[in-house]
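The following exercises are meant to be worked through with the model open, and each is followed by a solution that proceeds step by step.

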Amino acid sequence: MVSKILQQAKDNGIVSISIKDESAYVVELGLRLEKKFDLRDVLVIPTNEQKQPEAIKREISSSASMYLKEHLSPDMSVGLSWGTTLADMIDEMPYCSFPTINVCPLVGGVSSEHLYFDTNHLVFRLAEKLNSRCQYFYAPALAESIELAEVLNQTKLVKTAMDQAKHVDLAIIGVGNPNESSTWKRLGYIDVEEAQMIKRTEVKGDAVASLFDKNGQTVNNEISKRMLGVKVEDLAHMPDVMIIAYGEEKAESILPLLVGKCCTILVIDQTIAEALV
């Protein structure tokens, strides 16, 4: 009888069953990172030669979504950046009900052809999963010029969105390495000349509306000045910031954010953890 009820619940999407593949080694890695960088929580997903990258990516997304669900509380505010990592996390997020939670963007939006990664779209999708409220950021993530960015930053719509973004209880962000792999580069927002400028200005990573250096500080080159949204320096003043990442090349970009105290929670794979300890 119990078996039949469980099967019916699984078929109806009410119950999901997963096996937690946690070894003592990855637990130790997480604890060492917590101590080394004074972090609240670190979730490390085991990797091995048999695991395909897509499987690791899915496990990280699932772990991040379950962590989020377990740590949500009424009336809190959640901020999202943009990109494939967050989109995957929301795909894995189960439906629940938190009608008094507010979800808002940390950065401006991207073009309609990349809607799956867009922060406003992600905010809507997460709010739908949580049965909660949401706000939008009515401006581009990357303005066409510095002059346009300055004008937009003076508008009431952007100022209101920025004020909400800077005061979230939990920010959830992805991190890119523009020297190796980055959503900005992959989607064609950064051209060859701009990529060369990034290397010249010693950029170590990108997150929210910043290209940042080895100390986790915004590099004020032309691209950063055109980005609309919170800067990495703003993350240091938020109660909690969760970084979700996979792939060893991301370690170089996550380290500056840990040094700059821009993160309290990490959900990463074993290769990143080993590079950071």
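A charge sits over a ring if NZ of Lys or CZ of Arg is within 6 Å of the ring centre and within 35 degrees of the ring normal. The model examined here is a predicted one.

**Exercise 1.** Determine which ring K250 lies over, and at what distance from the ring centre.

*Solution.* K250 lies over the face of Y246, and the distance to the ring centre is 5.8 Å. A further case involves K129, whose charged end sits over the ring of Y95 at 5.3 Å from the centre of that ring.

**Exercise 2.** Establish how many aromatic pairs the whole structure holds, and classify the pair formed by Y116 and F117.

*Solution.* Begin with the count: searching the whole structure yields 2 aromatic pairs. For Y116 and F117, the ring centres are 5.5 Å apart and the planes stand at 75°. Planes over 60 degrees apart count as edge-to-face, so this pair is edge-to-face. As a last step, consider accessibility: Y116 is partly exposed, with a relative accessibility of 34%, whereas F117 has a relative accessible area of 16% and is buried.

**Exercise 3.** Describe the order of the strands in the open sheet, and explain why strand 1 and strand 4 each have one side without a neighbour.

*Solution.* The open sheet is built of 7 strands with parallel pairing, and their order is 1-9-8-5-2-3-4. Strand 1 (41-45) and strand 4 (133-134) are at the edges, where each has a single partner strand, so one side of each lacks a neighbour in the sheet. Moving to another part of the order, strand 2 (residues 77-80) pairs with strand 5 (residues 170-174) in the parallel sense over 3 bridges, and V78 has L170 in strand 5 as its bridge partner. Finally, add the helix: helix 4 (residues 84-92) lies across strand 2, strand 5 and strand 8 (240-244), and runs at about 120° to strand 5.

**Exercise 4.** Locate D38 and N131 in the chain, and decide for each whether the residue is buried, partly exposed or exposed.

*Solution.* Most residues other than glycine have a negative phi. D38, although not a glycine, has a positive phi of about 55°, and its place is in the loop between helix 2 (24-37) and strand 1. With 64% relative accessibility, D38 counts as exposed. N131, likewise not a glycine, has a positive phi of about 55°, and lies in the loop between helix 5 (119-130) and strand 4. At 44% relative accessibility, N131 counts as partly exposed.

Note on methods:
Residues numbered from 1 in each chain as written. Predicted model: local features only at pLDDT ≥ 70, side-chain atom pairs only at ≥ 80, totals over all residues. Heavy atoms only, no water. Phe/Tyr/Trp six-rings, centres within 6.5 Å; stacked < 30°, edge-to-face > 60°. Buried < 20%, exposed > 50% of the residue type's maximum accessible area, 1.4 Å probe, protein only. Pairing = 2+ DSSP bridges. Helix = DSSP H or I, 4+ residues; strand = E, 2+ residues; numbered from the N terminus. Contact = heavy atoms within 4.5 Å. Axes fitted to C-alpha atoms, helices over the stretch in contact; angles between N-to-C directions.
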